[in-house]
Amino acid sequence: MFDSQCDLAALVYEQNQDPDEILRDFASDLKARGYRAVGLVQTGHHCLDAPKLSAMLIHTGEELQLFQDLGACATGCRLDVGQLLDAGAQVASAIDQGADLVIVNRFGRQEREGKGLSYLVERALSADIPVVIAVPSHRFADWIKFADGMSVKLRCDREALDAWWQAVSARNVGLSARDHQTVCEVFK
């Protein structure tokens, strides 16, 4: 079991699991129930024969290409960091306009180094907005360091995500920011 009292959740996935579909469906269901989820969810995958990496801004539905074509012989990182940062700026603006939940696409190499979309986690939590982020199992130790251990670890399935959201959203109903203190905040 997990401590559902923390507003920061890591949806931890194995290589054969698809956290993107879970997060997209979750965001869609939240929207249908009147919640405002903002963030970025990956929609394409990097394949050897047809490299493609794209993501969708869940609050607008806009799809963005995050893959840069470096040519057939290139071996470097194909992530277009400029596009990623532009997407992050759009998410940050959406956070400033108000949100019930922030979804961050991945805790990847950029985020592990304190770059990429890592600042969105702090921005959302500072605004008292819960955050869920997809974290590959092989980077979970790095995630724990990044989050100072103050994170809920969720299985990569909808049931775990729904249980966490139910606890977090029920606790936040009717509370002002100064009345609300998570278990994570108590132990900081």
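**Exercise 1. Overall make-up**

What percentage of the 188 residues of the protein count as buried? Find also how its helices and strands are arranged.

Solution. The model is a predicted one. Of the protein's 188 residues, 46% count as buried. The accessible surface comes to about 9,800 Å², and carbon and sulfur atoms hold 49% of that area. Next, count the elements: the protein has seven helices and seven strands. Along the sequence they come in the pattern β-α-β-β-β-α-β-α-α-β-α-β-α-α. Last, take the contacts between residues at least 6 apart in sequence: 69% of them join residues at least 24 apart.

**Exercise 2. Helix α1**

Check the length of helix α1 against the expected span, then work out where its buried residues lie around the axis.

Solution. Step one is the length. Helix α1 covers residues 19–32, which is 14 residues. At 1.5 Å a residue the helix should span 20 Å, and the C-alpha atoms at its ends are 20 Å apart, so the two values agree.

Step two is burial. The buried residues of α1 are P19, D20, I22, L23, F26, A27 and L30. Viewed down the helix axis, the buried residues of α1 fall within an arc of 160°, and therefore they line one face of the helix.

Step three is the two ends. At the start of α1, a side-chain oxygen of D18 comes within 3.1 Å of the backbone nitrogen of D20. After α1 comes G34, which has a positive phi, near 95°.

**Exercise 3. The surroundings of S169**

Is S169 buried or exposed? Find which backbone oxygens lie by its side chain.

Solution. First, place the residue: S169 is in helix α6, which runs over residues 158–172. Its relative accessible area is 12%. Buried means under 20%, so S169 is buried. Now look at the polar atoms. A polar atom of the S169 side chain lies 2.7 Å from the backbone oxygen of W165. The backbone oxygen of Q166 lies 3.5 Å from a polar atom of that side chain.

**Exercise 4. Confidence**

Where in the protein is confidence lowest, and where is it highest?

Solution. Begin with the whole protein: the mean pLDDT is 82, and 77% of the residues reach 70 or more. Then go to the elements. Confidence is lowest in helix α7 (residues 183–187), with a mean of 47, and highest in strand β1 (residues 8–13), at 97. Over residues 175–180 the pLDDT is also below 50, and this stretch has seven contacts in the model beyond near neighbours in sequence. Residues 46–50 stay under 50 in pLDDT, with six contacts beyond four places in sequence.

Technical notes. Residues are numbered from 1 along each chain as its sequence is written. This is a predicted model: local features need pLDDT of at least 70, side-chain atom pairs count only at pLDDT 80 or more; totals for chains, interfaces and linings use all residues. Side-chain values use heavy atoms; hydrogens and water are left out. Helices (H or I, at least four residues) and strands (E, at least two) are DSSP runs, numbered from the N terminus. Buried means under 20% relative accessible area, exposed over 50%, partly exposed in between (1.4 Å probe, protein chains only). Contact means heavy atoms within 4.5 Å. Accessible areas come from the Shrake-Rupley method with a 1.4 Å probe; for residues, only the protein chains shown count as cover. The expected span of a helix is 1.5 Å times one less than its number of residues. The arc is that of the directions from the helix axis to the C-beta atoms. A polar contact is a pair of N or O atoms within 3.5 Å; within protein, one must be able to donate a hydrogen and the other to accept it, and residues adjacent in sequence count only if both atoms are side-chain atoms. pLDDT is the predictor's confidence in each residue, from 0 to 100.
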